[in-house]
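Reader: Please choose one part of this structure and look at it closely with me, going slowly from one piece to the next, since I am a first-year student.

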Amino acid sequence: MRHWENIQMRHRKLYAAFYLLFVFLSVHAQDIIDIPESSDIRSGLIESWFELPLPALRMKDEEVMKGLDGSSFQVRFEDYGDDCAIVVAPEKDEKVEVYSDSGVEILQRKIYPTEAPGSWILFKNPESGEPECIRFYFNANTEVFIQFRKSPGIPTEKSLADVFVFGEYAARDVPVGIPLVHFYDMSAVDVLSLLKYVIPWVTKPFYSSLYNDILQMTAIIRENLSRFHFLEDAAYDEMGNLVSIKNGNAIYIPTASEDSLYVSSAGFVKWIVDGLVRPLSGSGILLEPIVKKTEIFKSGSLSETMSKKYDTTLALDWTRNLAAAMVSIYSGRDYDYGTSGVQLNSVPFNGAYLEGSGFKISMLKSVFYYLAATEPGRFYLGAIRHIVNDGAEFVVYNKCAAFFPVFDKNGKFSVAVFIDGKEIKMDDFMKDYSGDFIQLVRIQASEQFFPR
């Protein structure tokens, strides 16, 4: 009996050791993003700043204070006319060029940006001086922040929280059972703990290693961009031969160099996906399955007529079937678009997705921030939905794009966008296609990426 108890004891110790090792590795795998914290400074500003009447605030000079962690913050009053605020802004070093007769000298100066990681802002009513809103910049991306407002029902006892992600509400009017004044000296960690069950994807730990596959793929794509030449209707088949998408006939470019690649919009995203397939199967994806129709139009409708005349859903069918093919290859089971689960149609931003149309391109940055946080290690193919007026309005999907959202080791968010064999900035893409929609499908990224 004692022998059995000793075995159990050893097992318990072994389990405990494994658990401690797991915790140790988990903590050390998590990236620690250094966001300056001002709560200890703010606790000493309540009477001397936050509760002062507006006339007194307008007479105050800015002050620079140092917190317990060594971070310096500037406290100042700003009057915007329609609004006014007390800003607690972290110190930041900025390089400036100073020109003189002896040349250009690079100097460092200290600045205190209003909107910076670690900033805290108390907005006041410009007439009464009453506190109206408190904003926390808790994220490495200053376009992502939390604000608390007085609840209209019980303003002295409860607050409402809003979470903004690149100009869109990720959460709005979330009830918080404490008054606004309690946020005067509350730390960002405590603030996030209030909302961790409401928006866990904004407040969860951050691990940059989850994006290594994405970074590897984007680096390889960038290395190859100089090889691409746009050619309408062109793609490479499973054996790497240049062919027409419409009829499968070979395309011959007499002046082409051995290193050149000729692709259409659709052909370019296939080249990306083929780079994932070749290490697994030894060849690219067959053309015939990826032109299979995924949309069924009502018989005799204008949409059906135009689809037959112009192949209006080529990009939509192409991206959907490419993504479904990757699911089949990764899983070892046969899936088509309808059973693959590759389609994206839900994000926590009101009005971002419209059934039958797709995502508003004007909201894509918010969408990809959410996807990068909740689906790390995936990239996305998009089919751009555009309305054409040729006597009668009809919809065409004739452009494909690939999107690679990541967070870097400092927590900064970005999206690499590739279209027509080129890279384009996310903001420029949203501007160029601002009036359009886009249908998105997801694909798992991999470091085993070897395009031809």
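Author: Let us begin inside this predicted model, where the lining of the largest cavity has two nonpolar, one polar and four charged residues (Ala, Val, Leu, Ile, Met, Phe, Trp, Tyr, Cys and Pro count as nonpolar, Asp, Glu, Lys and Arg as charged, and the others, Gly among them, as polar). The residues in question are Y236, G267, K270, W271, D274, R278 and R452, and helix 8 provides the largest share of them, five residues. A cavity is a set of points on a 1 Å grid over the protein atoms alone where a 1.4 Å probe fits but cannot get out, and lining residues have an atom within 4 Å of a point. The structure holds one cavity of 30 Å³ or more, and the volume of the largest cavity is about 40 Å³, a volume being the space filled by probe spheres set on the points, which are joined across faces, edges and corners.

Since helix 8 has come up, its surroundings deserve a careful look. Helix 8 covers residues 265-281 and packs against helix 7, residues 212-224, at an angle of about 130°, with the two axes 12 Å apart. Helices (H or I, at least four residues) and strands (E, at least two) are DSSP runs, numbered from the N terminus, while axes are lines fitted to C-alpha atoms, for helices over the stretch in contact, with angles from 0 to 180 degrees between N-to-C directions. Helix 7 and helix 8 are therefore oblique to each other (under 35 degrees counts as roughly parallel, over 145 as roughly antiparallel, 65 to 115 as roughly perpendicular, the rest as oblique). On the side of helix 7 the contact (heavy atoms within 4.5 Å) is made by M217, I221 and N224, and on the side of helix 8 by F268, W271, I272 and L276. Six of the residues in this contact are nonpolar, one is polar and none is charged.

A second neighbour of helix 8 is helix 11, whose axis comes within 11 Å of that of helix 8 and crosses it at roughly 5°, which makes the two helices roughly parallel. Here A266, V269, K270, V273, L276, V277 and L280 of helix 8 meet W318, L322, M326, I329 and Y330 of helix 11, and these residues divide into eleven nonpolar, no polar and one charged.

One more space involves helix 8, namely the second largest pocket, with a volume of about 400 Å³; a pocket is an open set of grid points with protein on both sides within 12 Å along at least five of seven lines. It is lined by 18 residues, of which E232, Y310, D311, L314 and N398 are closest to its centre. Helix 8, helix 11 (314-331) and strand 18 (393-407) each give two or more residues to this lining, and strand 18 gives the most, five residues. By class, the lining of the second largest pocket has ten nonpolar, four polar and four charged residues.

As for the basis of all this, residues are numbered from 1 along each chain as its sequence is written, and side-chain values use heavy atoms, with hydrogens and water left out. In this predicted model local features need pLDDT of at least 70 and side-chain atom pairs count only at pLDDT 80 or more, whereas totals for chains, interfaces and linings use all residues.
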